[in-house]
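Welcome! Here is a short briefing to help you find your way around a protein you have not met before. Take a moment with the sequence and the model, then read on.

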Amino acid sequence: MSAGPNTRGALKHVLGHLLTPLLMCVGMGLAYLGAFHAPEPHDLRVDVVGSGPTTRVLAQSLQDEGAGALDVRTVADREMAVTALREQHSFGAYVPGEKPELLVASGSSDTSAMAVEKVFTKVAAAQDAPLKVTDIAPTASGDPTGQGVFFLLVALSIGAYASVAVIGGAGAVLPMRIRVLLAAGMSFVVSLIGTLFAGPVFHLVDRGLGGVWAMSWLYAAGILLVGVGLHTFLRRWTTLGVMVLFVMLNFTSSGGIYRPELQPGFFGALHAFWNGAGFVEGVRAHVYFDGHDLGGNVLVLALWLVVGAVLVTVAGLTEARRAKAVAGPSVEGSAEEKAEAEEEMEEAVAV
């Protein structure tokens, strides 16, 4: 028995919409496996403490053996090494001697600290000396791996981009100014929830909670405004577009799992200006490094917020021109717009 026209139409409709999850599958695979499948250090800055010929020979040997993996330098004393770590110019400092010591700052990146420790454990073993490891910027008690900030980023991102689907889809008939107010309200709520999780609930950070909230709000508001603005132009493809921007490219370049020194160059380049990296590095700078380089990361978040503001402004003007071109649009919107909004909501829920 042949399929009726309704069945054929439904099948065609389903097949057409399966393109979105297929693109998501390809995109997530390329992004996550490309960024995380084989972390290897490259130009990872480490210091050797001392100024004598033995120190210089050790540093040069490590540089040569690393074959591009390490960027080895010498510093005159332990205090200079600690300063470089606190300013995140280096990721480890080796103090040679009868009782060798390795200085790390796990608050900057636990995986980078582990990579450095692996290198200098071998150096100390070659000297038949146990290695003492000193962490000059340890993470909070509730975040022993140092990756809690990354998972906070994930929670904030999901709350923000899911809100984009609701505001853009179900709220598409609302004036742009109302959608912007809804975005502002949701960014406040999402950032507040994230801050509660980071502090009182899971103790991912043990100080500077007010600054963490401010950066959470900047981050969530930027995503919401960008997403609401893009919805005017992308319509039902907004969910995919926002996922590309704020999941596929964002999570992988944030430095929350591996810093750019342990990733392929593409993700390291994104790390310099993507909003997830601004949030992760901003929180780390604020909580663990006395605010060093905090301003640059906050600027990144603020610029993304500005981009979102520009997008919603352009989107509002575009919608106003469209409304003039189409006479008498109803308040409820056309049947096609309703169906498109429902489809977008269903895709967002599935994601």
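A residue is called exposed when its relative accessible area is over 50%, and buried when that area is under 20%. Please keep in mind that this is a predicted model. With those cut-offs in hand, we can look at the whole protein, then its sheet, and then one helix that lies across the sheet.

**The protein as a whole**

- The protein has 13 helices and five strands.
- Of its 351 residues, 47% count as buried.
- Along the principal axes, the C-alpha atoms fill a box of roughly 85 × 50 × 35 Å.
- Among the contacts with a separation of 6 or more, 77% come from residues 24 or more positions apart.

**The sheet**

- Five strands form an open sheet in the order β2-β1-β3-β4-β5, and their pairing is mixed.
- The edges belong to β2 and β5 (132-135); each has a single partner strand, so one side of each is left without a neighbour in the sheet.
- From one strand to the next, the twist averages 25°.
- As general background, strands of a sheet pair through backbone hydrogen bonds, in either a parallel or an antiparallel way.

**How the strands pair**

- Strand β1 (residues 44-49) runs parallel to strand β2 (residues 70-75), and six bridges join the two.
- The chain travels from β1 through helix α3 (residues 53-66) to β2, making a right-handed β-α-β crossover.
- Two of the bridge pairs are easy to look up: Val 49 of β1 is partnered by Val 75 of β2, and Val 48 by Thr 74.
- β1 also runs parallel to β3, with two bridges between them, and here Val 48 stands opposite Tyr 94.
- Strand β3 (residues 93-95) and strand β4 (residues 101-104) run antiparallel and are joined by three bridges; Val 95 has Glu 101 in β4 as its bridge partner.

**Strand β1, covered on both faces**

- Six of the six residues of β1 are buried.
- In a regular strand, side chains alternate between the two faces of the sheet.
- One side of β1 carries Leu 44, Val 46 and Val 48, the other carries Arg 45, Asp 47 and Val 49, and both faces are covered.

**Helices against the sheet**

- Helix α3 lies across β1, β2 and β3, and its direction makes about 170° with β2.
- Helix α4 (residues 78-86) packs on the sheet as well, touching β1, β2, β3, β4 and β5, and it runs at about 30° to β4.

**A closer look at α3**

- The 14 residues of α3 reach 20 Å from the first C-alpha to the last, close to the 20 Å expected at 1.5 Å a residue.
- Which residues of α3 are buried? They are Thr 55, Leu 58, Ala 59, Leu 62 and Gly 66.
- Seen down the axis of α3, these buried residues fall within an arc of 95°, so they line one face of the helix.
- Their cover includes β1, β2, β3 and α5 (110-126).
- On the other side of α3, Pro 53, Val 57, Asp 64 and Glu 65 are exposed.
- Just after α3 comes Ala 67, which takes a positive phi of about 50°.

Note on methods: Residues numbered from 1 in each chain as written. Predicted model: local features only at pLDDT ≥ 70, side-chain atom pairs only at ≥ 80, totals over all residues. Heavy atoms only, no water. Pairing = 2+ DSSP bridges. Helix = DSSP H or I, 4+ residues; strand = E, 2+ residues; numbered from the N terminus. Right-handed = clockwise from strand over helix to strand, strands pointing away. Axes fitted to C-alpha atoms, helices over the stretch in contact; angles between N-to-C directions. Contact = heavy atoms within 4.5 Å. Expected span 1.5 Å × (residues − 1). Buried < 20%, exposed > 50% of the residue type's maximum accessible area, 1.4 Å probe, protein only. Arc of directions from axis to C-beta.
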